[in-house]
Every structure is written in structure tokens, then in C-alpha cells.
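Visitor: I'd like a close look at one part of this model, namely how the helices at the start of the chain pack together. Could you walk me through it, contact by contact?

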Amino acid sequence: MKEKLSKIQVEALEQINSADANLDEIRIKYLGKKGELTAVLRGMGALTPEERPIVGQLANEVREAIEAALNAKKTEQQAKALEAQLKAEKLDVTMPGVAAPVGHIHPLTRAQRELEDIFIGMGFSIAEGPEVELDYYNFQALNIPENHPARDTQDTFYITDNILLRSQTSPVQVRVMEHQKPPIRIISPGRVYRSDALDATHSPLFHQLEGLVIDKGITMGDLKGTLEVFAKKMFGEGTQIRFRPHHFPFTEPSAEVDVSCFVCGGKGCRLCKGEGWIEILGAGMVHPFVLSNCGIDPEEYSGFAFGLGIERITMARYGIDDIRLFYENDERFLEQF
Ligand code: DAH
């Protein structure tokens with residue numbers, strides 16, 4: 001019986017040693033209810049009372065040895081499995097990544113932000129107004145009554161007789177003055193609409209930036225100084241500005257403002273069409289009628305206003321000759337900015 005036990009131990013340990021995944025089978029084969037060791041123990045009844053404890057102890061030792069070997073093998077197998085898994089899942093964090101294509105800001109948005117930065121730097125804040133506007137704010141309060149010829153050049157889209165898509169950012173002037181006491185120093189960028197057919201220089205939707213300053217003692221000199229600083233910041237330190245007399249219903253006097261061509265410096269080139277100057281905006285001293293419409297006393301306060309086309313300025317700046325390029329979303333165009 002002792003020999004049988006030793007044989008079982010030797011055999012079992014050998015099998016455990018060379019086992020793969022079948023440890024449970026081995027456990028059942030030797031230690032299970034119908035296992036070989038159990039069978040030997042069952043036969044102990046045939047032993048003499050002297051032999052029994054000796055064989056019993058030996059049987060226990062064999063069981064412990066087999067159990068220990070099984071556990072050791074199991075631990076070893078688990079460690080190996082973990083190592084294999086870690087190897088398989090290895091991640092090289094130093095590997096170069098796959099670059100995600102990143103877009104960039106549209107040239108018009110960029111120009112608008114640049115304009116905002118320049119005026120914020122001069123103490124202006126940003127005001128907003130609705131794109132769906134009342135006739136009153138877009139025209140009447142700005143001294144453009146019904147049947148005024150200025151309405152022809154700013155023909156827009158009507159929602160009702162009285163409600164329209166604003167044709168200019170100037171109505172924001174009125175909305176601000178109605179709610180804010182001077183001193184006022186605001187710019188207002190945004191979309192405007194006109195019922196123009198789309199061609200190289202016209203679009204039914206485009207962008208303007210309005211400026212308004214109201215305080216005691218504001219003069220045309222303040223307007224000139226402000227626009228000069230703006231022009232130099234936007235187009236370069238060497239830039240000069242020029243005022244040409246003009247007419248807008250909501251300013252008196254009014255002017256169209258040109259900057260010296262930043263490509264040729266004023267000599268005349270393709271961009272400025274030989275003129276040496278590029279028109280960039282309309283401006284003037286706010287009409288007393290507009291001030292009193294908004295509850296501001298023209299005897300006490302004066303101010304200036306200006307309005308520029310963001311497309312126009314961006315086109316001049318980059319030498320873009322077709323306004324439609326801004327809206328077509330062609331990457332070959334947009335990528336260049
Ligand atoms: N609103 C004018 C337009 O769209 C531009 C303009 C001219 C705005 C003179 C002004 C201004 O504030 O003073 O043609």
C-alpha cells in the first residue's frame with residue numbers, strides 16, 4: 001500500500017509538471033471522490049491497527065504534496081497568462097499619432113475678430129442688434145422716411161410691410177442710443193441683407209461693422225483720429241486716410257473714407273485700379289435728427305458714426321476679386337488663409 005501511495009505521488013507530480021490547462025482533470029483523477037488516492041484510503045479497512053496510522057499519515061502527506069503541486073502550477077499558469085496578455089496588449093505611447101484634420105477660422109470671421117480687437121483696444125465695446133428688424137430702426141429713425149431714394153439702394157427682404165431683414169448695421173446705433181446714456185462708444189458687427197443678385201461684387205447677405213461714439217464735444221477731428229488709428233492698425237503703419245464728401249441721410253456732414261493703397265503705397269497698381277486709394281467705409285457726424293429721435297439732446301451732445309463692409313475690407317486686404325468665394329466653402333480657397 002505504501003508503494004502504491006508513492007507511485008500515485010510520483011505519477012501525479014509528473015502529470016502536474018507537464019500539465020497545460022488540464023489541472024482540474026488531474027485534481028479529480030487523484031483527489032476526487034472516485035480518485036486514485038481516495039480509492040487507496042477506502043482500502044485501509046483491510047490494514048492492521050498498527051499499519052493504519054502510518055499509512056494514514058503517508059496518505060495525508062501524498063495528498064498535501066499533490067495539492068501543493070497543483071496550487072503551485074496554477075499560480076505559475078496564471079502568471080504566464082497575465083504576462084502573455086500584457087505582451088499582447090502592449091501600447092507604445094511614444095508612437096506618432098494619427099493627426100485629426102483640424103479646420104480653421106473662416107477669413108471673414110478672422111477679419112471680424114481683428115476689427116473687434118482693434119476697436120476694443122480703443123475703448124469701444126460690442127453691441128448687438130437683431131437681423132430681423134423693424135422698418136423704423138432700419139430706415140425711419142435714421143432719417144430715411146418712406147419714399148426716400150436711399151431706400152432704393154438698400155432694397156431688402158420684407159417679412160411684412162413693417163418688418164424686414166436689416167440692410168445695414170446702422171439700426172443698432174438707434175437701439176443703443178435709446179437705451180444708453182452718453183458717453184457711448186460701441187461697434188456692432190453682423191450680417192446684413194439686400195435683395196441684390198449674386199455676382200462678383202454683390203451678395204444678398206454680407207457683413208458690416210458699425211461704429212458709434214456720442215459724448216459732449218465730439219468733433220470730426222475725433223472721427224478722423226479714430227479712423228486713422230484703425231487704418232494703420234488694420235493695413236499697416238504707413239497707411240494714410242482720405243475723406244471725400246458724400247451724403248448719408250443719418251450723418252451731417254458725411255464722408256466716404258479711403259485708405260492709401262497698401263500694395264503700391266499710393267502710386268497706383270492693379271489692386272487700387274491705378275487710383276492709389278481704396279474706399280473702405282462711410283462715416284460722418286451723427287445727424288441731429290437721429291440724436292433727437294433717440295432722446296439725446298443735439299444741443300448737449302454730438303457724435304460720429306461709421307460703417308464698413310467686412311467683405312470689402314477682407315477682399316482688399318487679400319486681393320480677392322470675387323465675393324462669392326467667401327460663401328462657396330471651397331477648401332481650395334479657404335485653405336489659403
Ligand atoms: N449704413 C451705411 C451703408 O450701409 C454705411 C454707413 C455710412 C454707416 C455712414 C454709418 C455712417 O454709420 O455714418 O451704406
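Guide: Sure, and one definition helps first: each helix axis is a line fitted to C-alpha atoms over the stretch in contact, and angles between N-to-C directions run from 0 to 180 degrees. Bear in mind that this is a predicted model.

Start with helix 1 (residues 2-17) and helix 2 (residues 23-31), whose axes come within 10 Å and cross at roughly 170 degrees. Angles over 145 degrees count as roughly antiparallel, so helix 1 is roughly antiparallel to helix 2. On the helix 1 side, the contact uses Ile 8, Glu 11, Ala 12, Gln 15 and Ile 16, while helix 2 brings Leu 23, Ile 26, Lys 29 and Tyr 30. Sorted by class, that contact of helix 1 with helix 2 comes out as six nonpolar residues, one polar and two charged.

Next, bring in helix 4 (residues 51-88). Helix 2 packs against helix 4 at about 175 degrees, and their axes are 11 Å apart. That angle makes helix 2 and helix 4 roughly antiparallel as well. From helix 2 you get Leu 23, Ile 26, Arg 27, Tyr 30 and Leu 31, and they meet a stretch of helix 4 that includes Arg 63, Ile 66, Glu 67, Leu 70 and Lys 73. The class split for helix 2 with helix 4 is six nonpolar, two polar and five charged. Leu 23, Ile 26 and Tyr 30 of helix 2 turn up in the contact with helix 1 and also in the contact with helix 4.

Now close the triangle. Helix 1 and helix 4 pack at about 0 degrees, with axes 10 Å apart, and are therefore roughly parallel to each other. Helix 1 puts in Lys 2, Leu 5, Ile 8, Gln 9, Ala 12, Leu 13, Ile 16 and Asn 17, and among their partners in helix 4 are Ile 54, Val 55, Leu 58, Val 62, Ile 66, Leu 70 and Lys 73. By class, this contact of helix 1 with helix 4 has 14 nonpolar residues, two polar and two charged. There is sharing here too: Ile 8, Ala 12 and Ile 16 of helix 1 touch helix 2 and also touch helix 4. On helix 4, Ile 66, Leu 70 and Lys 73 meet helix 2 as well as helix 1.

For contrast, hop over to the ligand site before you leave. Of the 16 residues around the ligand, Gln 168, Ser 170, Arg 194, Gln 208 and Glu 210 come nearest. The class split of that shell is five nonpolar, nine polar and two charged. Arg 194 has a polar side-chain atom 2.9 Å from a ligand oxygen, and so does Gln 208, at 2.9 Å. Ala 305 joins in through a polar backbone atom, 3.1 Å from an oxygen atom of the ligand. The protein covers 91% of the 350 Å² of accessible area that the ligand has on its own. Strand 5 (205-215), strand 8 (277-286) and strand 9 (302-309) are the elements that give two or more residues to the shell.

How values were computed:
Residues are numbered from 1 along each chain as its sequence is written. This is a predicted model: local features need pLDDT of at least 70, side-chain atom pairs count only at pLDDT 80 or more; totals for chains, interfaces and linings use all residues. Side-chain values use heavy atoms; hydrogens and water are left out. Helices (H or I, at least four residues) and strands (E, at least two) are DSSP runs, numbered from the N terminus. Angles under 35 degrees count as roughly parallel, over 145 as roughly antiparallel, 65 to 115 as roughly perpendicular and the rest as oblique. Contact means heavy atoms within 4.5 Å. Ala, Val, Leu, Ile, Met, Phe, Trp, Tyr, Cys and Pro count as nonpolar, Asp, Glu, Lys and Arg as charged, and the others, Gly among them, as polar. A residue is near a molecule or strand if one of its heavy atoms lies within 4 Å of it. A polar contact is a pair of N or O atoms within 3.5 Å; within protein, one must be able to donate a hydrogen and the other to accept it, and residues adjacent in sequence count only if both atoms are side-chain atoms. Accessible areas come from the Shrake-Rupley method with a 1.4 Å probe; for residues, only the protein chains shown count as cover.
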